[in-house]
Amino acid sequence: SAKSGSPVRSRSRAERVATQIADARAHRRSLSVVGERGTGRSTALRQLTADADPVLFDGLDRLHEPESAWLQRLVDALEQAERPVVIDNAHLLSPQVARAARTALDRTSTWFALSSDPVHLLSPDVSALVDSSQVRLALLPLRLRKHEIPALVDAMLTTLASPARFTPAALRTLLAHDWPGNDSELRAEVT
């Protein structure tokens, strides 16, 4: 209990996530952000490396360049160790590239972060890559945190500097939805 006699307020999930990101940033701890599409994985990576000028990699890039070239760019960036390295969508890496990336990350002191789908959906090699970070941040899908929707809507409207407000009936409609697109889908609906 608080010494002043006032009740202790527990921190919200959003506050806990922000604290984990801030701590990893302050101490340059490697971080894996896992969650479903639309839960804020990429946003968390941007928050983590804001003003750090990271070298960005995306698992989607393998569609546009040979895996060997992608992997060589990663190894080169890690060897230079001048800027943090971010791998977005690591779940899209082949098992061979995930193994090689993990080996490269194990050999470096370069600050890195990555994002992926939830761990239970990953191949063993990508799961091992995710586990190579010092900290894992698991972002819950919106359907498991519907109680946050009113506050999220208010925050989005504030960010947009919109005078609009949702009626109780409109909020009930939002709360009844399953949100397969998570935060991104909610943002699209609000904006």
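The largest share of the lining of the largest pocket comes from helix α2, which gives six residues. Keep in mind that this is a predicted model. The pocket itself holds about 800 Å³ of space. Its lining has 30 residues, and those nearest the centre are Thr43, Gln47, Leu152, Asp183 and Arg187. Two or more lining residues come from each of α1 (13-26), α2 (41-48), α6 (149-159) and α8 (182-190). What classes of residue make up the lining? There are 11 nonpolar, 11 polar and eight charged residues.

Now the chain as a whole. How many helices and strands are there? The chain has eight helices and five strands. From start to end the order is α-β-α-β-α-β-α-β-α-β-α-α-α. The C-alpha trace spans about 55 × 45 × 30 Å along its principal axes. The chain has 191 residues, and 40% of them are buried. Take the contacts between residues at least 6 apart in sequence: 77% of these join residues at least 24 apart.

Back to helix α2, where I will look at two residues. The first is Arg41, which sits in this helix. Is Arg41 buried or exposed? Arg41 counts as buried, because its relative accessibility is 9% and the cut-off for buried is under 20%. A polar atom of the Arg41 side chain lies 2.6 Å from the backbone oxygen of Gly35. Leaving out residues up to four places away in sequence, Arg41 touches ten others that you can find in the model: Val33, Val34, Gly35, Glu36, Asn89, His91, Ser115, Ser116, Asp117 and Leu139.

One name on that list, His91, is worth following. His91 is in the loop between β3 and α4. Which backbone atom does the His91 side chain reach? The side chain reaches the backbone nitrogen of Asp117, at 3.2 Å. Beyond its neighbours within four places in sequence, His91 is in contact with Arg41, Ser115, Ser116, Asp117, Leu122 and Val126. Ser115, Ser116 and Asp117 are also among the residues that Arg41 touches.

The second residue is Leu45, also placed in helix α2. Its relative accessibility is 3%, so Leu45 counts as buried. Apart from residues up to four places away in sequence, Leu45 touches Val33, Val86, Ile87, Asp88, Ala113, Leu114 and Ser115. For a sense of distance, Leu45 and Trp179 are 134 residues apart along the chain, and their C-alpha atoms are separated by 22 Å.

Leu114, one of the contacts of Leu45, takes us to the largest nonpolar core. This core has 22 residues, and those touching the most other members are Leu74, Val85, Ile87, Leu93, Leu114 and Leu129. At least two core residues come from each of α3 (67-80), β3 (85-88), α4 (95-106), β4 (112-116) and α5 (124-131). What does Leu114 contact, leaving aside its neighbours within four places in sequence? The residues are Leu31, Ser32, Val33, Leu45, Ile87, Ala90, Leu105, Leu129 and Val130. There is also a second, separate core of 14 residues, with Leu31, Leu48, Ala113 and Leu139 among them. Leu31 in that second core is thus one to look up beside Leu114, since the two are in contact.

Methods: Residues numbered from 1 in each chain as written. Predicted model: local features only at pLDDT ≥ 70, side-chain atom pairs only at ≥ 80, totals over all residues. Heavy atoms only, no water. 1 Å grid on protein atoms, 1.4 Å probe; cavity = no way out; pocket = protein on both sides within 12 Å on 5 of 7 lines; lining within 4 Å. Points joined across faces, edges and corners; volume = space filled by probe spheres on them. Helix = DSSP H or I, 4+ residues; strand = E, 2+ residues; numbered from the N terminus. Nonpolar A, V, L, I, M, F, W, Y, C, P; charged D, E, K, R; others polar. Core = buried A, V, L, I, M, F, W, Y, C linked by side-chain atoms within 4.5 Å. Buried < 20%, exposed > 50% of the residue type's maximum accessible area, 1.4 Å probe, protein only. Contact = heavy atoms within 4.5 Å. Polar contact = N/O pair within 3.5 Å; in protein donor to acceptor, adjacent residues only side chain to side chain.
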